[in-house]
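Open the model in your viewer, keep the selection box at hand, and follow the stops below in order. At each stop you will be told what to select and what can be found there.

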Amino acid sequence: MSHYKDFKAKDFALDDSFQMWVLSPDDEKEHFWNNWIAAHPRQKEEIEEAITMVKLAGLSTDKEANRAYLGVWENLRANAQKGEERPVRKSVNLATYAYLAAAVSGILVISIYFFGAADDERVIHTTDFAEIREVVLTDGSTVTLNANSSLSISGAWDEGGEREVALQGEAFFSVVQTRDKKPFKIKTPSGVTVQVLGTSFNVNTRRENLSVYLQSGRVRLETGTEEIILQPGERADYDKSSRKVMVRAEEPQQSNDKLAWKSDLYIMNDLPLSAIVRDIEDNYGVSVVVQDTTLNGRRVTAKVPARDADLLFKVLSQALELEIVKDDGKIVIRPLK
């Protein structure tokens, strides 16, 4: 195709044929693109840049999201070539962070209880800041821990006792149903117990709150004073301070974005800076100071590979015209001078 000779890196990265060659190559695609590159050696740098963009961007069938992400990347690259890239001084090399859609089925029961220390021996699995880890339990259930999270397993688990774990942070559970249909319980610092029989779901306990999103199936919340049934597409949020559960409908795409951490992506879809700052603190373990609070309302749409913290800060700096620096162990965000 002769029109490729005028393509820039972003054009290649947005081309369906090019994307398929990078992400799912076969003999036909290999033959075409290798021959094309050999015939157009001047395009080598653009091709290499485009390959990197496709591999890191987590591109999908959402063309608009792809274009938004690649547009920011192209601006960053152009400024760098001009020597005008806005610096991220002493940038923090943070690593893995990300969110995939949860398929929820079966019955989920949430009840309020007093959260205290366990008396039995417990096995504890933890993740560092910017780390994701999968834990396989002895019953065959799997737990994917997000960054800065811990899973404590009851010592009575293998002695015929209850299937009970305690979670701090965020995790995705795939729970198998046992022959005797023994309940699976998850205790959280908010004083909420999640009880489930054979299903997959996401539990977020950040900042002493609890959030559960139902994609399919049935969920029941019991608070001791009320009983709430969730419908697919609804999210339940429990606030410990008010001891109230708020239920609201949520668009599937919005939930997918929040849960993209399982696919090692951080998706900002019209996300305010205040929410991004909260995510950085929760998952990377660094304190963030926004010197001008009017910046908190500025919004960003971009898809960033979670492993590249430097790129995240560059995207924020470029998109919102900010200066982001490390100062005395903190990340400081201020207007660009």
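The tour begins with the whole chain and then moves to smaller selections.

**The whole chain**

Keep in mind throughout that this is a predicted model. Colour the protein chain by secondary structure, and you can look for eight helices and 20 strands. If you then show the surface, its accessible area comes to about 16900 Å², of which 47% belongs to carbon and sulfur atoms. Of the 337 residues in the chain, 46% are buried.

**An aromatic cluster**

Next, select Tyr 4, Phe 7, Phe 12, Phe 18, Trp 21, Phe 32, Trp 33 and Trp 36, and show their side chains, since together these residues form one aromatic cluster. A search of the whole structure finds 16 aromatic pairs. One of them joins Phe 18 and Trp 21, whose rings lie 5.5 Å centre to centre with 65° between the planes, an edge-to-face arrangement. These two residues are three apart in helix H2 (residues 16-23), which means that about one helical turn separates them. An α-helix has 3.6 residues a turn, so residues three or four places apart point the same way. Both Phe 18 and Trp 21 are buried.

Now keep Phe 18 selected and add Trp 33. Their ring centres are 5.2 Å apart and their planes stand at 85°, so this pair, too, is edge-to-face. Here the contact links distant parts of the chain, because Phe 18 belongs to helix H2 whereas Trp 33, 15 residues away, belongs to helix H3 (residues 27-39). With a relative accessible area of 0%, Phe 18 is buried, and Trp 33, also at 0%, counts as buried.

**Two loops with a positive phi**

Most residues other than glycine have a negative phi, and most peptide bonds are trans. With that in mind, select Ala 130, which lies in the loop between strand S2 (122-126) and strand S3 (133-136). Its phi is near 65°, a positive value in a residue that is not glycine. Ala 130 has a relative accessibility of 9%, and so it counts as buried.

Then move to Asn 148, in the loop between strand S4 (142-145) and strand S5 (150-154), where phi is again positive, near 55°. Is Asn 148 buried or partly exposed? At 31% relative accessibility, Asn 148 counts as partly exposed.

**The nonpolar cores**

In soluble globular proteins, nonpolar side chains tend to be buried together. Select Leu 137, Leu 151, Val 165, Phe 173, Phe 184, Ile 186 and Phe 201, the residues with the most contacts inside the largest nonpolar core, which has 27 residues. Strand S9 (residues 192-196) gives the most to this core, contributing three residues. A second, separate core has 26 residues, including Ile 276, Val 304, Val 315 and Ile 324.

**Helix H8**

Finally, select residues 309-320, which make up helix H8, and draw a distance between the C-alpha atoms at its two ends. The twelve residues should span 16 Å at 1.5 Å a residue, and the end C-alpha atoms are indeed 16 Å apart, so the two values agree. The helix is mostly covered, with nine of its twelve residues buried; among them are Leu 311, Phe 313, Val 315 and Gln 318. Val 315 is also one of the residues of the second core. Step just past the end of H8 to reach Glu 321, which takes a positive phi of about 55°.

Methods: Residues numbered from 1 in each chain as written. Predicted model: local features only at pLDDT ≥ 70, side-chain atom pairs only at ≥ 80, totals over all residues. Heavy atoms only, no water. Helix = DSSP H or I, 4+ residues; strand = E, 2+ residues; numbered from the N terminus. Expected span 1.5 Å × (residues − 1). Buried < 20%, exposed > 50% of the residue type's maximum accessible area, 1.4 Å probe, protein only. Core = buried A, V, L, I, M, F, W, Y, C linked by side-chain atoms within 4.5 Å. Phe/Tyr/Trp six-rings, centres within 6.5 Å; stacked < 30°, edge-to-face > 60°. Areas by Shrake-Rupley, 256 points an atom, 1.4 Å probe, with all protein chains shown as cover.
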